[in-house]
Amino acid sequence: MKKIILPKFSKITFIISGVLFCIYILIRSLARFDISLYFLGVGTQEIMPFITMPCVAFTISAIAVLLYKNIGHKTLVTWLSIVISFLVLLYMLIDYSFSPSSKYFEYTSDDQKHHIVVNERSFLLGGWGDIYEKNSFCTMKRVGGYSTDDGFCPFSNDAFYFVWGENDFELHHSFFGNKSEEYRVVKMEYVK
């Protein structure tokens, strides 16, 4: 039986992809508790592609070089690597291009104790957003959400206001984008 050769490149790329995969698992675990990453105006949704794409690319590269060094059919390994890489890249591009556009807005309560982050999104005929409260310099916890009609974005169009309370707050927002409409109200509690 032929001894398997593990090239230095494969070792390094397996380690890098393993670290990226651990970060991916950590972020997904935090999401189960409604905790998201948020740093310098960038949230989990924008961070995830920059973790998953390199992780997959490094893993494919490591396996391709490993097979290339150990199998006699080098042309087959090369073409297989190209096809798999193309399919994975195509899937990720399609997945990323059909994800809704996202903008973040930050607000502070009147007493300066609570920092609220709104992730506003719209896609086709729907508009919605998730509302978070920052609980550290780089994490936030989801406290609520809202929805609108016809892809309307109340935060981008300045069609909202907050009413701050001691233990909770209210978001008053436009649903249709009409100036004459009565605003919808969403009540949320602060993170304890």
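Salt bridges around aspartate 130

Author: In this predicted model, arginine 142 and aspartate 130 form a salt bridge whose closest N and O atoms lie 2.9 Å apart. The pair links distant parts of the chain, since arginine 142 belongs to strand S6 (residues 139–149) and aspartate 130 to strand S5 (residues 126–134), 12 residues apart.

Reader: Why is the contact between arginine 142 and aspartate 130 called a salt bridge?

Author: The rule asks for a side-chain nitrogen of Lys or Arg within 4 Å of a carboxyl oxygen of Asp or Glu; the closest N and O atoms of arginine 142 and aspartate 130 are 2.9 Å apart, and the pair therefore qualifies.

Reader: What makes aspartate 130 count as buried, and why is arginine 142 called partly exposed?

Author: Aspartate 130 has a relative accessible area of 13%, and because buried means under 20%, that value places aspartate 130 among buried residues. Arginine 142 has 34% relative accessibility, which falls between the 20% and 50% cut-offs, so arginine 142 is partly exposed.

Reader: Which residues are joined into one network by salt bridges that share partners?

Author: The network consists of Arg121, Asp130 and Arg142. Aspartate 130 also meets arginine 121 in a salt bridge, at 2.1 Å from N to O, and both of these residues are buried.

Reader: How do you know that glutamate 189 and lysine 192 form a salt bridge, and why is lysine 192 called exposed?

Author: Their closest N and O atoms are 3.5 Å apart, which is within 4 Å, so the pair satisfies the rule. Lysine 192 has 80% relative accessibility, and since exposed means over 50%, lysine 192 is therefore exposed. By the salt-bridge rule, the count comes to 4.

Methods
Residues numbered from 1 in each chain as written. Predicted model: local features only at pLDDT ≥ 70, side-chain atom pairs only at ≥ 80, totals over all residues. Heavy atoms only, no water. Buried < 20%, exposed > 50% of the residue type's maximum accessible area, 1.4 Å probe, protein only. Helix = DSSP H or I, 4+ residues; strand = E, 2+ residues; numbered from the N terminus.
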